[in-house]
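Trainee: Please take me closely through one buried charged residue and the elements around it. Then place that part within the rest of the fold.

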Amino acid sequence: MIKKALRRIYKDKLRLLMGRLSEEYNIFSPKLVEGRIIFDRIDDVSEIINEYHTRPVLPVKKLFLPQRETLFEYEIVDNDVIISDKLDLVAREKRCIFGVRACDIASLQILRRFFSRGPGDPYVIGRLSNSMIIGIMCNSVFPSCFCHFTDSGPLPKDGFDLFLVDVDDYFIAIIGSERGNQIASKNEDIFLDANKDDALAIDNKVKEIVSLMKSPPVVDQMVLYDAFVRSFNLDFWEDYAKKCLSCGKCNFNCPTCYCFDIFDEVDLDLRKGRRVRVWDSCHFLSFTRVASGEIFRRNRSSRLKQRVYHKFVYSVNDIGLISCVGCGRCFEVCPASIDLRDIITKVLCG
Ligand code: SF4
Ligand code: SF4
């Protein structure tokens, strides 16, 4: 049974709440653009979509680690190089990300751990720190969902301020942080007391969603880790490698893949330029090319294994967690129909 504080928000009050929050925060939400759902900034709370039965085109990570981002610009003035970045803007912007599913909330926790290593990445961590997260539980599952297996959903454990569970004509709001608590206290006309049966309603909803998922049988994550370690040299990897096109779609759609390339764009006058970061893919041949021209993962199976092993082994070594949240996006978009759940089942069955 859920242990966090609960409130009720009637559905006809949701826009009122978001309208009030928009006075303080820039609001990002799933919205309809040319027939597709995307996460984006909204100008008017009427654009907010709280019920959607298709996946947003890209996961919410794009709001924290954009596909392409200028890290800083530089200009030669007399004999000086003037550098300007947007860190100040990132630090000041207050954002509210509405409508985030449990798997994407879990992915943000993973990105926070990765980008906090070493000196930390001020862009990604700055955005994570400035963003209030209002999640919504799924009402249905996609055929590819298996967040129960990765322990990432359908309810998030942490990493949110408010999380809404849809029950008929109201939401049960789970308070996940002090910031969420303050919002509830400041808007007592919207956040009503929860009923004693609301915690039970959440439990029932979780059970219903889990029963609809096609997950591999749940195992302890260290059992999974050991099974992957034992399976590194098995023959079946070559079978998958023969099918894989190395297109990188799985990486770009994955909410936890975070690898990027960095390059300089220099203007034709050679006096101005910018340093740019773009998403990269470990499936690309160029990914491990080093200055001498050597490519360390020339073999396609080694690149395919790199992605999968990063999720279930290297990530555990690095941040103590698997970095798959069971969203199923990677195989939903894969043109070769390489289903990660099949790989997991093969690994577990030996
Ligand atoms: S999406 Fe499929 S085909 Fe493309 S790189 Fe990933 S596994 Fe290979
Ligand atoms: S590896 Fe696939 S299922 Fe796991 S988080 Fe990434 S896209 Fe989702």
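Mentor: Start with a pair of side chains. Asp 161 and Arg 179 are joined by a polar contact of 3.1 Å between their side chains. Keep in mind that this is a predicted model.

Take Asp 161 first. The residue sits in the loop that connects β7 and β8. Its relative accessibility is 5%, and the cut-off for buried is under 20%, so Asp 161 counts as buried. Now list what surrounds this side of the loop. Setting aside residues up to four places away in sequence, Asp 161 touches Ser 131, Met 132 and Ile 133. Those three belong to β7, where Ser 131 and Ile 133 lie on one side and Met 132 on the other. Asp 161 also touches Ile 174, Ile 175, Gly 176 and Ser 177. Arg 179 and Gly 180 complete its contacts.

Those last contacts lead into helix α5, which spans residues 178–186. Look at its start. There, a side-chain oxygen of Ser 177 comes to within 3.3 Å of the backbone nitrogen of Arg 179. Arg 179 thus appears in two polar pairings: backbone nitrogen with Ser 177, side chain with Asp 161.

Now turn the helix around its axis. Gly 180, Ile 183 and Ala 184 of α5 are buried. Why do they share one side of α5? Because the arc they cover around the axis is only 100 degrees. The face turned away from that buried side carries Glu 178 and Lys 186, both exposed. What does the buried side pack against? The partners are helix α1 (14–21) and the strands β7 (131–136), β8 (162–167) and β9 (170–175). Note that Gly 180 plays into both stories: it is one of the buried residues of α5 and one of the contacts of Asp 161.

Next, β7. All of it is covered: 6 of its 6 residues are buried, so the strand is largely enclosed by the rest of the structure. In a regular strand, side chains alternate between the two faces of the sheet. Read β7 that way. Ser 131, Ile 133 and Gly 135 are buried on one side. Met 132, Ile 134 and Ile 136 are buried on the other.

The strand has a neighbour on each flank. Strand β6 (residues 95–100) runs parallel to β7, and 5 bridges join the two. β8 also pairs with β7 in the parallel sense, over 3 bridges. Ile 134 ties into both pairings. Its bridge partner in β6 is Phe 98. In β8, its bridge partner is Leu 162. Leu 162 comes right after Asp 161, at the beginning of β8 (162–167).

Step back to the sheet. It is open, has 8 strands and mixed pairing, and is ordered β3-β2-β6-β7-β8-β9-β1-β10. Which strands stand at the edges? They are β3 (36–41) and β10 (192–193). Each has a single partner strand, so one side of each lacks a neighbour in the sheet. β7, β8 and β9, the strands that the buried side of α5 packs against, follow one another within that order.

For contrast, take another loop residue. Val 219 lies between α6 (198–212) and α7 (221–230). At 26% relative accessibility it counts as partly exposed, whereas Asp 161 counts as buried. Val 219 reaches across the chain: it is 70 residues from Phe 149 in sequence, but their C-alpha atoms are 7.6 Å apart. Neighbours within four places aside, Val 219 is in contact with Phe 149, Leu 224 and Leu 348.

Compare a second acid–arginine pair as well. Arg 274, in strand β12 (residues 272–279), makes a side-chain polar contact of 3.0 Å with Asp 267. Beyond neighbours within four places, the contacts of Arg 274 include Phe 72, Tyr 74, Phe 263 and Glu 265.

Finally, the ligands. Around ligand 1 the residues include Cys 244, Cys 247, Cys 250 and Cys 334, along with His 283. By class, that shell has 7 nonpolar, 3 polar and 1 charged residues. Around ligand 2 they include Cys 254, Cys 324, Cys 327 and Cys 330, along with Arg 307 and Lys 311. That shell divides into 8 nonpolar, 1 polar and 2 charged.

Definitions and conventions: Residues numbered from 1 in each chain as written. Chains lettered and ligands numbered in written order. Predicted model: local features only at pLDDT ≥ 70, side-chain atom pairs only at ≥ 80, totals over all residues. Heavy atoms only, no water. Near = heavy atom within 4 Å. Nonpolar A, V, L, I, M, F, W, Y, C, P; charged D, E, K, R; others polar. Buried < 20%, exposed > 50% of the residue type's maximum accessible area, 1.4 Å probe, protein only. Helix = DSSP H or I, 4+ residues; strand = E, 2+ residues; numbered from the N terminus. Arc of directions from axis to C-beta. Contact = heavy atoms within 4.5 Å. Polar contact = N/O pair within 3.5 Å; in protein donor to acceptor, adjacent residues only side chain to side chain. Pairing = 2+ DSSP bridges.
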